[in-house]
Every structure is written in structure tokens, then in C-alpha cells.
Amino acid sequence: MEVRWQARNDDCYKQQPFGPTVEKIRLYSDSLARYGKSPYLYPLYGLGELPQGFARLSAIYGGTYMLDKPVDSLIVENGKVVGVKCGEETVRGKQVYCDPSYAMDRVKKVGQVVRAICLLNHPIPGTNDAQSCQIIIPQKQVGRHFDIYISCCSNTNMVTPKGWFVAMVSTTVETNNPEAEILPGLQLLGTITEKFISVSDVYEPTDLGHESQIFISRSYDPTTHFETTCKDVLDIFQRGTTQEFDFSKITHLSLEDNE
């Protein structure tokens with residue numbers, strides 16, 4: 001599991017069979033052929049549309065959302081979760097799915113990620129005035145162990161006013177000066193109007209949930225193409241249901257069908 005997750009960030013893939021690399025190249029090629037200019041998909045109006053879509057789908061199947069509710073603690077009895085305490089209320093359930101911040105006693109720190117969110121009033125130079133793009137700087141090119149990731153969105157993605165761009169630069173922290181580590185990425189952006197830098201701890205679960213029925217995700221890594229996040233979702237699904245997700249059961253409806 002560890003090797004599979006790290007293979008995208010460093011050179012350990014050189015010690016692995018070539019099959020997985022060929023499959024990744026094929027997936028990239030097939031996606032590019034299907035979607036045209038880019039092999040990547042990004043939700044209009046930003047990533048906030050993903051939980052909104054989940055909320056709507058959940059409601060169809062009888063799910064209930066409790067908004068603006070602080071989670072005080074997970075209630076565990078005889079080694080198994082039985083609910084969540086929210087202020088004066090307690091929500092009962094047989095399973096809990098959460099990120100590491102809700103179960104810090106069941107995770108371990110495995111590293112840090114530095115991110116810079118930058119506001120630009122121009123496209124990234126050298127991208128042919130692309131309204132959205134993704135750039136990956138190979139670690140060997142800048143003398144690092146981990147790649148540097150750059151993503152940029154604009155009004156085309158419905159996330160900024162016209163003429164403005166949001167760029168994010170991120171990487172795995174290797175030194176005591178995280179901001180300096182993303183400097184090669186920041187330099188590619190040209191003039192930056194405003195910049196916000198944060199360093200976040202990265203956690204992974206020590207409790208896989210088989211006994212406790214608490215299923216914890218991994219923290220977001222520095223990648224901007226969401227591959228590791230998608231794999232984490234599939235991993236949690238398998239842990240929680242004891243079976244792999246079957247993509248063949250998904251029905252894709254056209255716009256006409258939805259209407």
C-alpha cells in the first residue's frame with residue numbers, strides 16, 4: 001500500500017513492475033482522447049459542488065444532513081462506535097466515516113504539506129494564455145525528493161470573476177523552510193497579487209475500522225489531480241462494506257434522460 005501511494009511522488013516506481021506505469025499512461029491517453037484539450041475533469045463552481053452533489057444524492061436515499069453542528073466526540077461502547085455527540089444531541093449509528101481531525105487518537109502523522117493559494121490577474125506565463133491548467137515539476141528537476149504541483153483555475157471554471165485566476169502550488173515538506181520549497185512553482189506564476197501560505201500535517205489511520213467501525217480517511221496530499229483522493233475513497237468503501245466498488249453498476253444518464 002505504501003509503495004503504491006508514493007509512486008506518484010518519487011522515483012520508487014523504478015523498482016516496481018512496468019505494468020502499472022503502462023496502465024497509467026494508457027489511462028491518460030484514453031482520457032485525453034475522450035475529453036479533448038485535457039484528460040482532467042474539474043467541477044464547475046469549484047470543489048464545493050462535490051459535497052453538494054453528494055448531499056442531493058444522499059437525500060434521495062433518505063439521508064439526513066445536520067448543518068452547522070460541531071462534533072464533540074465519537075461515542076464508543078465495548079470497542080465499537082455507536083454514535084456521535086453534538087452538543088446536547090447524540091446521533092446514533094452503526095458506522096462513522098470521518099477525516100483524521102475527528103479521531104486524532106486513531107491516526108498517525110506521516111508528514112506535512114505546504115500549500116500556497118495565489119490570486120493572479122493574468123494567466124500563468126508560458127501556458128498559451130490557458131484559462132485553466134495543471135503543471136507538475138519533477139522532483140529531480142529542482143533537486144528534491146517529491147514533485148511540486150501547480151493548478152490554476154479561472155472564470156472558465158466558474159470560481160473567479162472574469163480576468164482573475166486562482167493558482168495553488170503545493171508539495172511535500174522536506175526541510176525546515178517549507179515556503180522556500182515551493183519557490184520554483186511560485187516563480188512560474190509571474191506577478192502574484194496576493195498569496196496565502198499554509199503548512200498542514202498529513203495523517204493516515206492506524207485504526208482501519210474493522211472492529212471499531214470508525215472509517216477514517218487519509219489527509220489530502222500535495223497532488224492536485226485527485227488520484228490519491230479517489231483511491232482513498234475506494235479504500236474506505238471497501239473497508240466499510242467489505243467489498244470493492246463495482247463501477248459496472250453505475251448508469252450514466254444523458255441530459256435528455258435527466259430531463
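**Figure 1. V114 and V199 face each other across two paired strands of the predicted model.** In this predicted model, V114 has V199 as its bridge partner in β9. The two residues belong to a longer pairing, in which β5 and strand β9, made of residues 194–205, run antiparallel and are joined over 12 bridges. Strand β5 also pairs with strand β8 (residues 165–172), again in the antiparallel sense, and here 8 bridges join the two. Within that second pairing, A116 stands opposite V169 in β8. Strands of a sheet pair through backbone hydrogen bonds, and they may do so in a parallel or an antiparallel way.

**Figure 2. An open sheet of 5 strands, with β5 placed between β8 and β9.** The strands follow the order β6-β7-β8-β5-β9, and their pairing is antiparallel. The edges of this sheet are formed by β6 and β9, each of which pairs on one side only. From one strand to the next, the twist averages 20°. At the β6 end of the order, β6 and strand β7 (residues 148–154) are antiparallel partners over 5 bridges, and in this pairing the bridge partner of Q134 in β7 is S151.

**Figure 3. An open sheet of 3 strands in the order β1-β2-β3.** The pairing in this sheet is antiparallel. Strands β1 (73–77) and β3 (89–92) stand at the edges with a single partner strand each, so one side of each is left without a neighbour in the sheet. The twist from one strand to the next averages 30°. Strand β2, which covers residues 80–86, pairs with β3 over 4 bridges in the antiparallel sense, and C86 has E89 in β3 as its bridge partner.

**Figure 4. Two salt bridges that involve residues of β1 and β3.** Side chains of opposite charge can pair when their charged atoms come close. The side chains of E89 and K69 meet in a salt bridge, with a distance of 2.4 Å from N to O. Because E89 lies in strand β3 and K69 in the loop between α3 and β1, the pair ties together parts that are 20 residues apart in sequence. E89 is partly exposed, with a relative accessible area of 37%, and K69 is also partly exposed, with a relative accessible area of 37%. In the second salt bridge, the side chains of E77 and R92 meet at 3.9 Å, N to O. This pair links strand β1, which holds E77, to strand β3, which holds R92, and the two residues are 15 apart. E77 is partly exposed at 41% relative accessible area, whereas R92 is exposed at 57%.

**Figure 5. A salt bridge between two loops, formed by R144 and E174.** The closest N and O atoms of R144 and E174 are 3.2 Å apart. R144 lies in the loop between β6 and β7, while E174 lies in the loop between β8 and α4 (178–181), so the pair ties together parts that are 30 residues apart in sequence. R144 is buried, with a relative accessible area of 8%, whereas E174 is partly exposed, with a relative accessible area of 29%.

**Figure 6. A network of salt bridges that includes R218.** The residues linked in this network are R218, D232, D235 and R239. R218 is found in the loop between β10 and α6, and it counts as buried because its relative accessible area of 17% is under 20%.

**Figure 7. Two residues other than glycine with a positive phi, D129 and F226.** The phi of D129 is about 55°, and this residue sits in the loop between β5 (107–120) and β6 (133–137). D129 is exposed, with a relative accessible area of 57%. F226 has a phi near 70° and belongs to the loop between β10 (214–216) and α6 (227–241). F226 counts as partly exposed, at 28% relative accessibility.

**Figure 8. A nonpolar patch on the surface.** The patch is formed by Y42, L47, L50 and V159, which together have about 320 Å² of accessible area. One of these residues, L47, lies in the loop between α2 (19–35) and α3 (49–60), and L47 is partly exposed, with a relative accessible area of 37%.

Definitions and conventions
Residues numbered from 1 in each chain as written. Predicted model: local features only at pLDDT ≥ 70, side-chain atom pairs only at ≥ 80, totals over all residues. Heavy atoms only, no water. Pairing = 2+ DSSP bridges. Axes fitted to C-alpha atoms, helices over the stretch in contact; angles between N-to-C directions. Buried < 20%, exposed > 50% of the residue type's maximum accessible area, 1.4 Å probe, protein only. Patch = residues over 30% accessible without salt bridge, like charges linked within 9 Å, V, L, I, M, F, W, Y side chains within 5 Å. Areas by Shrake-Rupley, 256 points an atom, 1.4 Å probe, with all protein chains shown as cover. Salt bridge = Lys/Arg side-chain N within 4 Å of Asp/Glu carboxyl O.
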